[in-house]
Amino acid sequence: QILSKSNYFHTRSVVAPIFQLAGMPVNLTANAISAINAGDVNSKPVVQVLDIKLIGTTQERYRLTLSDSESTQQAMLATQLNDRVKTGRVRKTSVIQLIEYICSTVQNRKIIVVLNMETIIPECEIIGNPKVIVESNLGAQKTTSNGASGSANLGNNGNLSAQRSAQASFANIKNLSAQNSGNSMQNYPPAIQPAYQPPPNYKSHGAIMKNEAPARIIPIAALNPHQGRWAIKARVTAKGDLRRYNNSRGDGKVFSFDLLDSDGGEIRVTCFNAVVDRFYDKIEAGKVYMISKGSLKPAQKSFNHLKNEWEIFLETTSTVDLCPDEDASIPRQQFSFRPICEIESAENNSIIDVIGIVTAVNPSVPILRKNGMETQRRILNLKDQSGRSIELTLWGDFCNREGQNLQELAEAGFSPVLAVKAAKVSNFTGKSIGTISSTQLFINPDSAEAQTLREWFDQGGKDIASQSISRDNMPVGSKIETRKTVFQIKDEGLGRSKKPDWVTVKATITFIKTDTFCYTACPLMIGDRQCNKKVTRSGNSRWQCDRCNQEFEECDYRYLLQAQIQDHSGLTWVTTFQESGEEILGCPAKELYMMKYEEADDTRFSEIIRNCLFTQFLFRLKIKEEFYGDEQRVKITVVKAEKVNHSAESRYLIDLISKFRLS
């Protein structure tokens with residue numbers, strides 16, 4: 001099983017000296033280092049790893065020292081292979097076969113970039129007596145190596161003899177493995193792939209001028225600024241809008257698009273000004289292109305979410321050619337889905353992929369941005385198997401395209417699967433995600449993740465309650481069910497540490513201030529969130545926001561309730577904002593405001609307030625010490641209010657009694 005293909009030794013390289021592993025002869029590929037330095041990319045040599053070092057600050061990279069038993073050479077491992085080292089599949093003294101690789105010149109030194117490989121022997125002794133290769137004596141070294149091991153260009157008889165010898169050696173391995181079948185160690189290395197053999201019609205037809213040679217297609221993961229001629233073949237997974245800008249150098253325009261190749265490598269391509277005119281109309285999302293003659297620069301991570309440290313900038317000499325034939329080896333999209341429960345710890349403004357079941361679709365509403373322009377906003381709810389749900393905010397055209405489609409499916413009784421590529425995380429009142437210009441939405445995608453999610457939902461997941469992380473909720477963990485009494489809040493000094501305390505209190509509302517139960521708020525959007533600052537009437541009876549420096553006809557109304565809650569141990573004041581205010585009073589703040597001040601319906605207003613009094617709630621509280629002028633006070637904020645479910649509460653108390661008995 002170590003060598004399943006008999007034509008492995010029918011290569012252009014001679015066989016290196018062999019080493020013994022438990023009596024089994026195994027060969028390295030002789031002169032492999034010299035051949036790779038000379039431009040070979042097809043022989044798929046077997047080499048040994050002598051050393052591994054972790055380098056890089058912004059991105060983890062592993063540097064290897066490779067040996068062919070005679071020479072050594074430094075190599076860089078492509079980032080998609082990092083897990084091979086982390087899991088121990090590749091370590092010092094491992095014997096590996098290079099499947100895909102190239103040789104690049106970096107600071108006048110040649111580096112082998114390993115794009116794909118297989119581990120043949122996980123660990124063994126160092127083979128041969130390898131020496132560091134000297135580039136200036138590369139030609140002389142080739143001659144010495146070839147002379148030491150015989151002619152480098154063996155004839156048919158030489159190749160046949162080497163092949164028979166190798167086959168005989170590995171026949172011994174197979175027999176020895178069969179004899180040891182009862183042994184506990186039965187981890188056979190993977191079959192070594194055969195070396196590339198050029199077809200007869202690819203024979204040399206004479207020298208080619210350097211400038212006439214076509215650029216070689218390489219994987220995206222192998223691109224670096226030190227390469228000369230290169231070409232990549234990749235699919236456009238996303239195309240950005242054409243944007244115009246103005247700076248100290250004048251007006252300009254720019255657009256970007258993202259590429260994905262068959263090896264899973266991704267990179268962003270950016271065009272400016274005259275280059276935009278050449279390629280903007282030519283680029284179509286989903287199509288495959290051959291691209292070459294661009295420059296590589298460090299990716300600006302504040303604008304580029306792809307997992308690549310480089311970005312391609314096309315120039316006037318760049319070429320972008322459409323590949324007319326569909327290449328099925330290049331996927332149409334690549335995702336790195338994160339469970340919703342992990343988004344709770346994601347950094348603000350980070351870009352993520354997420355997949356979930358759409359459980360609710362709100363109508364699209366017009367929103368005024370700070371610049372006075374109107375846009376559309378639509379909020380969805382997603383849930384997954386992690387037991388968490390999250391709000392997804394659609395902006396602009398997403399509301400009327402995918403958003404309208406999702407609303408129609410929801411109204412028809414369906415709960416579609418939605419995959420979101422490149423959503424932006426926001427930590428405003430909890431964690432939520434929103435669309436940006438490069439976001440892509442896929443409704444009921446044909447993928448394994450979508451099928452698994454659909455099966456879970458249909459087989460009972462739809463009836464499982466999930467906790468939303470899209471409000472100022474308490475952190476997930478043991479603290480979320482920490483029950484306290486009102487007396488314990490003060491007695492234990494909660495809220496006086498650097499971080500807030502999060503507790504649950506079962507209490508009754510005994511009093512609500514009704515003179516200032518809400519405030520007039522700014523409805524304008526700042527980025528992906530609403531301003532919500534207090535607004536006042538201007539001289540022309542329009543609402544004015546000092547923060548946004550804008551005037552508008554209509555304002556928003558948001559709850560700011562001051563209430564007293566009481567349990568058997570005492571009472572305390574709490575502050576309630578918009579969402580928890582609606583949970584307590586059961587109606588929007590605007591409706592209650594109009595009822596009291598516009599309609600002067602005091603009877604109905606008082607009835608709504610009375611219905612909330614002496615009602616028992618489970619209050620989830622955030623407790624934090626804050627400064628008010630020169631005075632320090634502990635502020636208690638209601639982040640969620642649920643009417644007590646007496647059946648669930650009884651089960652909780654019974655469990656508590658059982659634990660008390662056991663202790």
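Three exercises with worked solutions follow, on a predicted model of a protein chain.

**Exercise 1.** Find the stretches where pLDDT is under 50 or below 50, and state how their coordinates should be read.

Solution.
- Start from the chain: the average pLDDT is 79, and 79% of the residues score at least 70.
- Over residues 1–24 pLDDT stays under 50, and the model has 82 contacts beyond four places in sequence for this stretch.
- Residues 473–480 also have a pLDDT below 50, with 20 contacts in the model beyond near neighbours in sequence.
- Where pLDDT is low, predicted coordinates should not be read in detail.

**Exercise 2.** Give the strand order of the open sheet that contains S27, S28 and S29, and identify its edge strands.

Solution.
- The order is S27-S28-S29, three strands with antiparallel pairing.
- Strand S27 (536–537) and strand S29 (550–552) each pair on one side only, and these are the edge strands.
- Strand S28, residues 543–545, is joined to S29 by three bridges in the antiparallel sense.
- Within this part of the sheet, Gln544 stands opposite Glu551 in S29.

**Exercise 3.** Is Ser256 buried or exposed, and which residues does Ser256 touch beyond four places in sequence?

Solution.
- Locate the residue: Ser256 belongs to strand S11, which covers residues 250–260.
- The relative accessible area of Ser256 is 13%. Buried means under 20%, so Ser256 is buried.
- Leaving out residues up to four places away in sequence, Ser256 touches Lys239, Gly240, Arg268, Val269 and Thr270.
- With Thr270 there is also a polar contact, side chain to side chain, at 3.0 Å.

How values were computed:
Residues numbered from 1 in each chain as written. Predicted model: local features only at pLDDT ≥ 70, side-chain atom pairs only at ≥ 80, totals over all residues. Heavy atoms only, no water. pLDDT = per-residue confidence, 0-100. Contact = heavy atoms within 4.5 Å. Pairing = 2+ DSSP bridges. Helix = DSSP H or I, 4+ residues; strand = E, 2+ residues; numbered from the N terminus. Buried < 20%, exposed > 50% of the residue type's maximum accessible area, 1.4 Å probe, protein only. Polar contact = N/O pair within 3.5 Å; in protein donor to acceptor, adjacent residues only side chain to side chain.
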